[in-house]
Amino acid sequence: MRLFVIIVLLVQLTVAQNKQLLYGFNDIPQSLLLNPGAEVKNDWYFGIPLISHIHANAGTSEATVYDIFANNDINFNTKLQNAVYSMKSNDFVTINEQVDIFSGGFAFGNSFEKNEYISFGFYQETDIITYFPKDYAILVLEGNADNINRRYNAGHLKVSGEALSVFHVGYNKKVNKAFTFGVRGKLYSSVVNINSVKNSGYFVTTPGDNNRYKHIFDLNMSLRTSGLASLLEDDNSDLPNDIDTFKKRLFFGGNLGLGLDAGFTYRLTDQWTIDGSVADIGFIRHSKDVENYGVNGRFEYEGINPFFPSLDENETADDYWSNIEDEFSELFTVDTTNTKYTTWRPVKLNASVNYAFGKNRGRDCDCLTEDLEYQNAVGLQLYSIFRPKQPQVALTAYYYRRLFKGLQVKGTYTVDSYSFYNLGLGLSSQFAGVQFYLLADNLLQYKNLYDAQNVSLQIGFNYIFNKNEN
Amino acid sequence: MKRYNVIIILFMVLQYACTKDVDFDQINDFEINPVFETSFIYLDEPASRFLDNGQEVTFTQDFILVNFFEDEVLNDEVIRIDLNFELNNTISRNFNIQLDFVDQLGQVQHTFVINQPANSVNSFTETFENSTLDALKNSYQIYFTLQLPPSNNTINQNTPGRIQLQSFAKVYFQIKNTL
């Protein structure tokens, strides 16, 4: 029950795609999803269906729920305005969720020590990012009266979201003692995609030539969607039907795409290791159920001259006014098209440098044949994800410790766009082949989740058969 | 079982993940008051524009159909409108401008007149609030009338000066949470 509560909590409240706790935590087989070239520590494993990997993450780079809804003496509208003024157009909100539907892996190879490994799986992922449309918010909040000559940037509207399923197969090979590499191929099936990231244009009120003001709208806006139109058509009245549609799309009935991950590990010395990976170099081709919307054009308005409408004596003031109304509504008429389009997956880079130390020569090992493993490791990890406006980057320092044979912990300190105070703790425990892991970051923010800017939680169960565990 | 103590402790930490006092009902207090300004009518003509075949034109009238108050957002959220006029008359003649707001039945809902003396600069504001705002919102046509009251100073080809008018509407919104 307790676990259930935690799962609910994490699905509701977690955020962000940086999995700094999982990266390099090679006791957990899912670390191969971050670096297909990681060193594999097991002979085979399978993830317990649906609960082998659950990841949820939500983040905001500036204002938090608490900033706006705190129960205090400050007027709500004041708090709201403060939040709007303090945020920048580069601030964003992200939601990311990932659930493993199934996964597994096994080692093989000709030599006595199997040095090749195949891993595979199927997971569902949702990824949403929206930037704060600051100029729109200011215009609605203040109006243009005190903002003559202010150019409201229509490009501040940027949002993209995708729900998809991913089937993947990875190959990993330990070439020699020092070098391991891996690649993973991915087949994406997009359930729903929404994409509005290439907007430009502006609205401005300036002193006019004929009248007090001239208003200029110059807009070049577009929103591309796939998988959405058919769901909206039935007014959401037929939920079972929609669920059927979702199921079909999850199992490769959606818009398909291909992707690639690649990574390596290189042991510089017995104790120093470097590794790196690039994930989700890939695209999705949106050809089914596509509906795109566009608003394009330029409109200038200075008012009307009703007494002497124009040089053409036959034109009445109302003809003249009607023309202006038509021009105006034409600008805001949404053009709908069904042009196919391609989206690129957000590419993620991971890299780390690691130093292992402190061999355990104590109690519970049988020291005759096996190489003793180091019990501790420290290192630095760099993470970057390419987003519509700019890459988001995070730097992590970690300490890893093997407490017992079946219990490992990792602590992290991360600096990123969200905060400078991100402490994380991960734990992997294994007993009779069943592995349970729990990774949580932003521990300091758990004191008040409403004030949390970014929370990320991962949890999972695997069945693992380890090397040298006979 | 010692190793599992760590797990239990971590569970307990997560259970203590807590929340400070927030009040989502505050959304009911939501209110913003943006103010927009938009150009309205203008006029900039020399005295000779008031001649038709050498005869002085003392009365010019036209109308436009307006439907912006059919939009519910405008209707519900606008609480006040000021029409601001700036006039500059360098002709030696008085003139006046009258605006009539007429509903769909042809009934005049509201009227105002701006009197502009000869050779003068003037500004004028007509405020629409409460009952006058309702009258404006009921309007379907706006009639614009420009009159030159009779005078001995009849305009001819050589009469110097211009009539200039610029104007804008200042629209006050009050947007509340209507959920």
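Buried residues, meaning those with 20 or more other C-beta atoms within 10 Å of their own (exposed: 12 or fewer; partly exposed: in between; C-beta atoms placed from the backbone), make up 37% of the 470 residues in chain A. The model is predicted, so to speak of local features a pLDDT of at least 70 is needed, while side-chain atom pairs count only at pLDDT 80 or more and totals for chains, interfaces and linings use all residues. Residues are numbered from 1 along each chain as its sequence is written, and chains are lettered from A and ligands numbered from 1 in the order in which they are written.

Chain A holds seven helices and 21 strands, taken as DSSP runs numbered from the N terminus (helices: H or I, at least four residues; strands: E, at least two). Of its contacts with a separation of 6 or more, 68% join residues 24 or more positions apart; a contact here requires C-beta atoms, placed from the backbone, within 7 Å.

Two aspartates in loops of chain A invite a look. A:D209 sits between strand 8 (200-207) and strand 9 (213-226) of chain A and counts as exposed because it has 10 C-beta neighbours inside 10 Å. Leaving aside residues up to four places away in sequence, A:D209 touches A:K214 and A:E302. From A:D209 to A:L260 the C-alpha to C-alpha distance is 57 Å, with their positions 51 residues apart in sequence. A:D289, in the loop between strand 11 (272-286) and strand 12 (290-301) of chain A, is buried, since 21 other C-beta atoms lie within 10 Å.

Most residues other than glycine have a negative phi. A:D289, not a glycine, has a positive phi of about 55°. In chain B, the phi of B:N119 is likewise positive, near 45°. B:N119 belongs to the loop between strand 8 (108-116) and strand 9 of chain B and is partly exposed, as 13 C-beta neighbours fall inside 10 Å.

Chain B also offers an open sheet of four strands in the order 2-11-6-9, with antiparallel pairing; strands pair if DSSP finds at least two bridges between them. Strand 2 (35-46) and strand 9 (120-129) of chain B each have a single partner strand, so one side of each lacks a neighbour in the sheet. From one strand to the next, the twist averages 10°, with axes fitted as lines to C-alpha atoms (for helices, over the stretch in contact) and angles running from 0 to 180 degrees between N-to-C directions. Strand 6 (residues 78-89) and strand 11 (residues 162-173) of chain B share 11 antiparallel bridges, and B:F85 stands opposite B:S167 in strand 11 of chain B. Helix 3 (residues 130-137) of chain B lies across strand 6 and strand 9 of chain B, at about 90° to strand 9.

Terms used:
Contact = placed C-beta atoms within 7 Å.
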